[in-house]
Amino acid sequence: MNELAEHWFKLKSWEPYAFQKDSWEQMAKGKSGLLNAPTGFGKTMAIWFGILEHYYLKIEPQYTDKRKAKKLHCLWITPLRALSREIHQATNAVSDDLGLDYNIGLRTGDTLAAERKKQKTKPPSALITTPESVHIMLGTKGYSEYFAGLSVIVIDEWHELMGSKRGVLVELALSRLKALNPKLIIWGISATIGNLKQAKAILLGNRNRGVLVRAELDKKIDIHTILPDSLEKFPWAGHMGLTLAEKVLPLIQKGSSTLLFTNTRAQAEIWYQHLLDIAPDLAGVMALHHGSLSQDLRNWVENALHEGSLKVVVCTSSLDLGVDFRPVDTVIQVGSPKGVARFLQRAGRSGHQPGALSTIYFLPTHSLEIMEGASLKYAVAKGMVEERIPFIRSFDVLIQYLITLAVSEGFSADEIFQEVIKTHCYESITRQEFDDCLLLIYKGGRTLDAYDEFHKVKIIDGLYKVTDKKIALRHMMSIGTIVNDAMMQVKYLNGKYLGSIEEWFISRLKPGDTFWFSGRSLELIMVKYMQVIVRSSNKKRGKIPSWMGGRFPISANLGAAIRYTFKEVHYKAIQNKTPEVQFLMPLFNEQARRSYLPKENELLLEYIHTKYGYHLFIYPFEGKLVHEGMAAILAYRLSKIKKSTFSIATNEYGIELLSDEKIAVNELSLEDLFSTKELYSDIQEGINTMEMARRQFREIAGISGLVFKGFPGNQIKAKHLQANSGLFFSVFEDYDRDNLLLRQAYDEVFIFQLEIVRMNAAFQRIETHKKVLRSLEHLTPFSFPLFTESFREKYSNEDWLSRIEKIKQQLEEL
Amino acid sequence: MIITIRDTQIQLLAQRAIYLEQYKILVIADMHLGKLLHFRKKGLFVPAITVNEDLELMKKLIEEYNPHEVVFLGDLFHSEQNSECGNFLEVIALFPQIKFILTKGNHDIIPTDFFSNAQVEIVKERVLENKIALRHQLPRKPEPDTFYMIGHFHPGYLIHRKARQTFRLPCFYQYGNVLVLPAFGKFTGLFIPEFSEEGTNYVIINDEVIHIAK
């Protein structure tokens, strides 16, 4: 038993859980591992006492000379600043309670320069930080000395980091730190995901035989779908869900604190405003929380939640993770949560006491979505939690990392190559590919021009180094993998900072215009540099900013659960159907009356002519991401029969192909259309992946340092260096087709946008289905949401020139 | 396509330039020469391109129209001097009979010696008859009776077609007494003005310029 823990738990009169004891035991043996535990059950302490024990048994006795400076013992990495703060407070409290001299520092993007300097000259025993901050430390001279005594590293919420390029940052940092300290003890903390074993292997490396500790805590979840009073008045399409807002009020009144989750920041702003409109007495006890609001505001909301002084907080994924709010006893999810794991995570924000019931209300935004309530219950009951797919071969992050090392102490190519190929992300890269990365940062790529003026990294005594101070500074400013649009700071005249808004939204406003932000009505006074100066307004109506991003697709698991729910529609006796399906039966009957209601081994297609053109609707129920790729392939196969251009809309349930000319479909051609034969070659040849890759390249260009957004506040001008990633993409396309970063853009399109594996499975499933084609005069309950979808893709196999020629003809006919 | 403004025939070329037959003037805006090289010099690893297609195109235009004068409407060079400057000098040296004029733009930071040595005259604006002025940007206080031909904006036009398709194309853009030229340089972006619905757009579609009336 861990003595310090025993002491502390006695002090608190708490009883440790089995998984906590298990973790302490494994750590005492010097083992690395992965702890699988939900938030709110003492996962931090399960690891923390292992760290303390390691320090006081193994390290502290070595510090016999009191004057000798102590070294950093532990790094604790979390994905969120809010979480870092929470852990910092909790662990400090332990040191205080037990009177330990183990001091803990906090280092995030918010940490002041003076504090960072202090942490550097006099390292704390442990440092709580983020992946980006670790890389900034790796970009600082003397890092190898600074980390020389590092014994333990903890990656908190690893499931969250793993599926993103921030996870790659973690892998790279680990590869370097392991090389510096071969005995490094590594622990990950992860919520339940579909591929927990892989999560462990990626973190610890294939050769490290770490342990998996699971907290077997039974958590009960109660799921209710909020149903409208009548189906007739409920919309067929839409994604705001405001029609059901009245139904939310009694839930808020009943509970002590409610979290109302929306899927986007704009939706959160709109809900906040709407709730105030319909229930003015919520003013003062309602708050708004999303990622674009200032840290101060968010902190205030979080503290108020802790104290229980808020009745309801309208929030986005910004409150998905981390910190526990004990007073929260009600959670409402507006619209599809898109994934089982996310839904569970949000449900878990209520009822934190062990054995307590977590209650979550699902609020559908349009009629078909009601069905998802039933699907979610099924998926949760069956434990259909998603996998997190790790990134591989991310050359953009590798290039950033290499320059980081070149900025600080310089690196030897052979040494770093050996380190990076031991990571999961880069295990498949060749020396040639690694050398190509070096060539990019050293010579600016394969170049024949001897008089070239490229300067970035130099080779000095066999080490790759950055010597130019400006290049070093520019690089340090852009470390990280989260690429944002230019953000403008929103401030009051007195300087009080409210949050940030994307530039393009502000560019549409004139001084005197009113807009809603951070739950307030604001009047634009002026735009100065990157600042938007505002004053409060009492106007009720205003524009609401919409932020890019944040539109994630439904997961494969939820898709499967939705298809399962369809079985129920056809086969179960009405009294055995779930309340959601019972409620929706009139809609399904309407669909059957106007068109057809497919069974689970059938695929429905609807062909409808409107003033917009010829629409072909298809309903595979596979989720938006798969639909996007599938739509492009179908468009390709259709246009092989007849050259044409399609505008494509997809949603979670289906696909719309819209053409200005008749579409060549009949029941016979449908078999070929969905055949798995030549699927791969059709993907290769057929999909115009260039546009997709162009978009994907935006992030890659940002991470690899091609696109430089300028310094914060634009104090130092990045003169004549600004260009958008589209320009770089075109230049690479025209002049350097083999460029690694360009290839990466295409690879990412295949893996993440087209989801090749999942799409193949979907085609295999559909190939065996009976295809039912209906030519109709009017839209149907299934097709209407697609018809109104405003986000559209374009597909064409007519080359650019002939498409433009066609436009020219159309224009001339005007 | 030819438009007439104040008795002056303006030939809008699909090569993203203007030719004024009466004056035998070729007008080219926003070439941004040396942009990629400048990026490379600052450590952005864009590919090194050996052939400059912009200069090649300019040469072709000069050979085709045989002008007496070429006016660059500013932003001829993207930034500081680099080897592209040499390539530029080589091209203009092929045409000693032509007068080259630069109306200076915000990107033109290269020392004026460079241009005087190269026999390129630098002016704030080049004024033609009937108060038609060629310059980079509008002056702070535009003369109400002057017609301006300017660059700077890199105008583009967003075409919405049937089946909810959109296309972005470079264009000449006229509003009131101003005609904005598209950027000539290959490595320049497009700016789609919000107000493009109000003015008149002459959109470049492949090898043709088409007037789009709204």
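Two strands are said to pair if DSSP finds at least two bridges between them, and that criterion is a useful way into this model, which is a predicted one. Strand β1 of chain A, residues 33–36, meets it on two counts: this strand pairs in the parallel sense with strand β6 (residues 185–190) of chain A over 4 bridges, and A:Leu35 has A:Ile189 as its bridge partner in β6(A). With strand β7 (residues 211–214) of chain A, β1(A) likewise pairs in the parallel sense over 4 bridges, and here A:Leu34 has A:Leu212 as its bridge partner.

In a regular strand the side chains alternate between the two faces of the sheet. In β1(A), A:Gly33 and A:Leu35 lie on one side and A:Leu34 and A:Asn36 on the other, and because all four are buried, both faces of the strand are covered.

From the strands we turn to the nonpolar cores. The largest of them holds 148 residues, of which A:Leu402 and A:Leu657 touch the most other members, while helix α16 (residues 395–408) of chain A contributes the largest share, 10 residues. Apart from this core lies another, of 53 residues, which includes A:Phe261, A:Trp271, A:Tyr272 and A:Ile360. Leaving aside neighbours within four places in sequence, A:Leu657 is in contact with A:Leu616, A:Ala631, A:Leu634, A:Ala635, A:Phe646, A:Ile648 and A:Ile663.

As for confidence, chain A has a mean pLDDT of 86, with 90% of its residues reaching 70 or more. Within the chain, confidence is highest in strand β5 (residues 152–155), at 98, and lowest in helix α31 (residues 800–813), at a mean of 58. Over residues 713–717 of chain A the pLDDT is below 50, and this stretch has 5 contacts in the model beyond near neighbours in sequence.

Key
Residues numbered from 1 in each chain as written. Chains lettered and ligands numbered in written order. Predicted model: local features only at pLDDT ≥ 70, side-chain atom pairs only at ≥ 80, totals over all residues. Buried ≥ 20, exposed ≤ 12 C-beta atoms within 10 Å, placed from the backbone. Core = buried A, V, L, I, M, F, W, Y, C linked by C-beta atoms within 7 Å. Contact = placed C-beta atoms within 7 Å. pLDDT = per-residue confidence, 0-100.
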